[in-house]
Amino acid sequence: MSTLSKKRKVINTLYNGHGITANEAKAKFGVANLRAMMSTIRDLVECYGNWEILSEETTSGKTRYFMQDTHPGERSYGFDSDGHRYLLD
């Protein structure tokens with residue numbers, strides 16, 4: 001089994017519909033600078049126009065990041081927890 005990178009763990013969290021703050025990313029995955037990582041992730045996931053990175057300010061003044069599917073509906077593929085693409089039935 002391969003070891004997932006911190007970036008892949010954050011992407012998996014966002015892909016599964018969960019938001020994440022810098023404090024959560026640091027505690028769960030050891031991410032020191034979530035803002036810089038989200039900039040890199042934004043470049044990766046938004047390059048083909050299928051996903052969008054969104055952010056909102058929490059009541060405590062922290063930023064929570066989300067990933068939104070810009071083309072919801074049926075897809076012919078999905079991604080497993082390692083980030084590998086597979087064909088959906």
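Trainee: Where do I start with the hydrophobic interior: which residues have the most contacts inside the largest nonpolar core?

Mentor: This is a predicted model, so keep that in mind as we go. The largest nonpolar core counts 16 residues, and Val10, Leu34, Met38, Ile41 and Ile53 have the most contacts inside it.

Trainee: Which elements give two or more residues to this core?

Mentor: Those are α1, α2 (22–29), α3 (34–46), β2 and β3. The top contributor is α3, with five residues.

Trainee: Let me zoom in on one of them. What is Leu34 in contact with, leaving aside neighbours within four places in sequence?

Mentor: Leu34 touches Val10, Ile20, Thr21, Ala22, Ala25 and Tyr65. Keep Ile20 and Tyr65 in mind for the sheet.

Trainee: OK, the sheet. What holds strands together in general?

Mentor: Strands of a sheet pair through backbone hydrogen bonds, and the pairing is either parallel or antiparallel. Here you have an open sheet of three strands, ordered β1-β3-β2, with antiparallel pairing. At the edges sit β1 (20–21) and β2 (51–57), each pairing on one side only.

Trainee: How many bridges join β1 to β3?

Mentor: Two, and β3 covers residues 63–69. Ile20 stands opposite Tyr65 in β3.

Trainee: And on the other side, how many bridges are there between β2 and β3?

Mentor: Seven, again in the antiparallel sense. Look at Ser55: its bridge partner in β3 is Tyr65. So Tyr65 faces Ile20 of β1 and also pairs with Ser55.

Trainee: What links β2 and β3 along the chain?

Mentor: They form a hairpin with five residues between them. Check Gly61 in that turn, where phi is positive, about 90 degrees.

Trainee: Which strands does helix α1 touch?

Mentor: Helix α1 (residues 6–15) packs on the sheet and touches β1, β2 and β3. Compare directions and you get about 65 degrees between α1 and β3.

Trainee: Back to α3 for a moment. Is Asp43 buried or exposed?

Mentor: Asp43 lies in helix α3. The cut-off for exposed is over 50% relative accessible area; Asp43 counts as exposed because its relative accessibility is 55%.

Trainee: How far apart are Asp43 and Ile53, in sequence and in space?

Mentor: They are ten residues apart in sequence, and their C-alpha atoms are 9.4 Å apart. Ile53, remember, is among the residues with the most contacts inside the largest nonpolar core.

Conventions:
Residues are numbered from 1 along each chain as its sequence is written. This is a predicted model: local features need pLDDT of at least 70, side-chain atom pairs count only at pLDDT 80 or more; totals for chains, interfaces and linings use all residues. Side-chain values use heavy atoms; hydrogens and water are left out. Two strands pair if DSSP finds at least two bridges between them. Helices (H or I, at least four residues) and strands (E, at least two) are DSSP runs, numbered from the N terminus. Contact means heavy atoms within 4.5 Å. Axes are lines fitted to C-alpha atoms, for helices over the stretch in contact, and angles run from 0 to 180 degrees between N-to-C directions. A nonpolar core is a set of buried Ala, Val, Leu, Ile, Met, Phe, Trp, Tyr and Cys residues joined through side-chain atoms within 4.5 Å. Buried means under 20% relative accessible area, exposed over 50%, partly exposed in between (1.4 Å probe, protein chains only).
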